[in-house]
Amino acid sequence: MAMLKTILGNLLRPSRTRDPADMPDVPPVYRGALAHDAARCTACGTCAFVCAPKAISFTQDPGVSVSWHFFIGQCSFCGLCAQNCPTQAISLNADVPAGMDSAAGDGLRLESVVHLQPCTRCGAAHVPLPDATMAVLWGTEEAERGYCPDCRRWAASARLRSAFVPAAAEEVHHER
């Protein structure tokens with residue numbers, strides 16, 4: 001009797017599923033494909049780390065470039081990649097980017113190439129920091145702008161050393 005009561009109760013209720021035209025309102029920044037600005041990307045890998053469905057990946061051509069890859073078929077449009085990008089190289093668009101709206105190929109992949117530059121101190125290939133980040137970190141001083149991360153750490157420790165040990169400042173000048 002209870003089963004019959006449940007069945008009749010469900011038949012008399014309105015539908016609990018939504019009509020395809022009756023979708024909930026969503027923030028426009030959480031829908032659509034990603035846009036990637038290679039000039040701002042430092043290839044730190046944060047976006048790939050926070051991407052749970054692994055829609056973002058990196059490949060590296062040693063000494064030449066780092067490529068950023070995005071596959072829209074795996075994206076859940078959560079926005080964590082754009083939210084966690086330290087240089088705002090990733091943004092979410094309401095529209096599909098023109099590069100992805102291609103009839104040729106699968107049309108679902110996006111790739112950006114970040115070219116490596118040689119360090120001005122040691123010559124090692126590295127991903128340069130964006131100009132805005134350079135200006136905030138080092139101001140207009142040009143000497144350290146072309147340094148790789150290892151040389152930046154070396155320069156920072158040399159400044160600390162020279163601040164605490166004045167004799168070390170003369171050694172730093174001799175090393176350059």
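**Figure 1. Tyr 147 in the loop between helices H4 and H5.** In this predicted model, Tyr 147 sits in the loop that runs between helix H4 (131–138) and H5. The residue counts as buried because its relative accessibility is 7%, and the cut-off for buried is under 20%. Val 127 is a useful reference point for this view. Its C-alpha atom is separated from that of Tyr 147 by 10.0 Å. Along the chain, the two residues are 20 residues apart.

**Figure 2. The salt bridge in helix H5.** Arg 153 and Asp 150 form a salt bridge. Their closest N and O atoms are 2.4 Å apart. The structure holds one salt bridge. Both partners belong to helix H5, which covers residues 149–164. They are three residues apart, about one turn of the helix. Are these two side chains buried or exposed? Arg 153 is exposed, and so is Asp 150.

**Figure 3. The open sheet of E2, E3 and E5.** Three strands make up an open sheet in the order E2-E3-E5. The pairing is antiparallel. Strand E2 (56–61) and strand E5 (109–115) are the edge strands, each pairing on one side only. From one strand to the next, the twist averages 20°.

**Figure 4. The E2–E3 hairpin.** E2 and E3 form a hairpin, with three residues between them. Gly 63 lies in the turn and has a positive phi of about 80°. Six bridges link E2 and E3 in the antiparallel sense. In this pairing, Ser 57 stands opposite His 69 in E3.

**Figure 5. Strand E5 against strand E3.** Strand E3 (residues 65–71) is joined to E5 by seven bridges, and the two strands run antiparallel. Ser 65 faces His 115 of E5. Ser 67 has Val 113 of E5 as its bridge partner. Which side chains of E5 are buried? Leu 110, Ser 112 and Val 114 are buried, and they point to one face. Arg 109, Glu 111, Val 113 and His 115 point to the other face and are not buried. The side chains thus alternate along E5.

**Figure 6. Thr 42 and its contacts.** Thr 42 lies in the loop between strand E1 (34–36) and helix H2 (46–50). With a relative accessible area of 18%, Thr 42 is buried. Which residues does Thr 42 contact, leaving aside its neighbours within four places in sequence? The contacts are Thr 87, Val 127, Leu 129 and Pro 130.

**Figure 7. Two loop residues with positive phi.** Most residues other than glycine have a negative phi. Phe 77 has a positive value, with phi near 60°. Phe 77 is placed in the loop between E3 and helix H3 (80–84). This residue is partly exposed, with a relative accessible area of 22%. Gln 88 also has a positive phi, near 55°. Its place is the loop between H3 and strand E4 (90–92).

**Figure 8. A nonpolar surface patch that includes Ile 7.** Met 1, Met 3, Leu 4, Ile 7, Leu 8, Leu 11 and Leu 12 make a nonpolar surface patch. The patch covers about 880 Å². Ile 7 is found in helix H1, which spans residues 2–12. Is Ile 7 buried, exposed or partly exposed? At 43% relative accessibility, Ile 7 counts as partly exposed.

**Figure 9. The whole chain, for orientation.** The chain has six helices and seven strands. Along the sequence they follow the pattern α-β-α-β-β-α-β-β-β-β-α-α-α. Of the chain's 176 residues, 31% count as buried. The accessible surface comes to about 11,700 Å². Carbon and sulfur atoms account for 58% of that surface. Among contacts between residues at least 6 apart in sequence, 57% join residues at least 24 apart.

Note on methods. Residues are numbered from 1 along each chain as its sequence is written. This is a predicted model: local features need pLDDT of at least 70, side-chain atom pairs count only at pLDDT 80 or more; totals for chains, interfaces and linings use all residues. Side-chain values use heavy atoms; hydrogens and water are left out. A salt bridge is a side-chain nitrogen of Lys or Arg within 4 Å of a carboxyl oxygen of Asp or Glu. Helices (H or I, at least four residues) and strands (E, at least two) are DSSP runs, numbered from the N terminus. Buried means under 20% relative accessible area, exposed over 50%, partly exposed in between (1.4 Å probe, protein chains only). Two strands pair if DSSP finds at least two bridges between them. Axes are lines fitted to C-alpha atoms, for helices over the stretch in contact, and angles run from 0 to 180 degrees between N-to-C directions. Contact means heavy atoms within 4.5 Å. Accessible areas come from the Shrake-Rupley method with a 1.4 Å probe; for residues, only the protein chains shown count as cover. Patches are made of residues with over 30% relative accessible area and no salt bridge: like charges are joined within 9 Å, nonpolar side chains (Val, Leu, Ile, Met, Phe, Trp, Tyr) within 5 Å.
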